[in-house]
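Trainee: I am new to this structure and would like a close look at one part of it. Please walk me through the paired strands and what surrounds them, one step at a time.

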Amino acid sequence: MELHVTDLRQAPGPVRLHEDVELPRIVEENPQVSGMDPVHCDLEAEAAQHTSHVHGLLSTRVTYDCSRCLEPFERGLTARFDERFTDDPGEADEEHHLSGETIELDPYIEQAINLELDVYPVCSEACKGLCPVCGANLNLGECGCDRRPVDPRLDVLKDWFSDDGSK
């Protein structure tokens, strides 16, 4: 998504930007994300003397892999977008410096979405996860494995009475 600064400065008021943006790098670079719809951008841009201000909301649907049971699930995601751009080299560090007359917004949109992604997504708070012994999805039913913890100090004794009758 591009914003032309000259058009923005000539506009009589704020410029509304409505566009859907594809961000394939988010899926490629985030192992917890298995898919994502295009990001719907509902932005407004305003220009002052040497500053351009772009703000609004970003929304999409993300397909995550549950970090407990590894099953895919979808969740809506909304992020606030608020960035300032300037061509004045003496401005504060909170603003991005322009090098031309066009602002490429995709990297800033991608950053805003990345900051809102779940790091350890869970399909539900009641998710039981996988059995640590056999790997079965415990949300679908119990597997019957013995998952009682063994005191590590007694772990050596588990082979004392083996099934082959050697001891």
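## Around strand E5

Mentor: Let us start with one pair of residues: Asp-42 has Leu-57, in E5, as its bridge partner. Keep in mind as we go that this is a predicted model. The pair belongs to a longer run of pairing, since E4 and E5 are joined by eight bridges and run antiparallel. Between these two strands lie three residues, and together E4 and E5 make a hairpin.

Now stay with E5 and look at its other partners. E3 also pairs with E5 in the antiparallel sense, here through three bridges. Within that pairing, Thr-63 in E5 is the residue that stands opposite Gly-35. Thr-63 has a partner in E6 as well, namely Glu-74. This brings us to the pairing of E5 with E6, which is antiparallel and counts 15 bridges.

E5 and E6 form a hairpin too, with six residues between them. Leu-70 sits in the loop that links the two strands, and its phi is positive, near 70 degrees, although the residue is not glycine. As background, most residues other than glycine have a negative phi. Is Leu-70 buried or exposed? Its relative accessible area is 54%, so Leu-70 counts as exposed, the threshold being over 50%.

Next, go to the loop between E3 and E4, where you will find Pro-38. With a relative accessibility of 35%, Pro-38 is classed as partly exposed. Which residues does Pro-38 touch, once neighbours within four places in sequence are set aside? They are Asp-20, Val-21, Glu-22, Ser-59 and Thr-60. Arg-61 makes another useful landmark: 23 residues separate Pro-38 from Arg-61 in sequence, while their C-alpha atoms are 8.0 Å apart in space.

From here we can turn to the nonpolar side chains. In general, nonpolar side chains of soluble globular proteins tend to be buried together. The largest nonpolar core here has 33 residues, and the members that touch the most others are Leu-43, Leu-58, Leu-105, Ile-109 and Ile-113. Two or more residues each come from helix H1 (5-10), strands E2 (15-21), E3 (33-36), E4 (39-47), E5 (51-65) and E6 (72-86), and helix H3 (106-116). The biggest share is that of E6, which supplies five residues.

Leu-58 gives a good view of how these parts meet. Leaving out residues up to four places away in sequence, Leu-58 touches Val-39, His-40, Cys-41 and Leu-43, and also Leu-77, Thr-78, Ala-79 and Phe-81. Its list of contacts is completed by Ile-109, Ala-112 and Ile-113. If you rotate the model, Leu-58 is a handy residue to centre on, with Leu-43, Ile-109 and Ile-113 among its contacts.

One last stop is the cysteines. How many disulfides does the structure hold? The count is zero. Cys-69 takes part in no disulfide, and its nearest cysteine sulfur belongs to Cys-66, 3.7 Å away. That distance does not qualify because a disulfide needs the sulfur atoms within 2.5 Å. Cys-69 is buried, at 4% relative accessibility. Cys-145 is in no disulfide either, with the sulfur of Cys-143 the nearest one at 3.6 Å. At 25% relative accessibility, Cys-145 is partly exposed.

Technical notes:
Residues numbered from 1 in each chain as written. Predicted model: local features only at pLDDT ≥ 70, side-chain atom pairs only at ≥ 80, totals over all residues. Heavy atoms only, no water. Core = buried A, V, L, I, M, F, W, Y, C linked by side-chain atoms within 4.5 Å. Buried < 20%, exposed > 50% of the residue type's maximum accessible area, 1.4 Å probe, protein only. Helix = DSSP H or I, 4+ residues; strand = E, 2+ residues; numbered from the N terminus. Contact = heavy atoms within 4.5 Å. Pairing = 2+ DSSP bridges.
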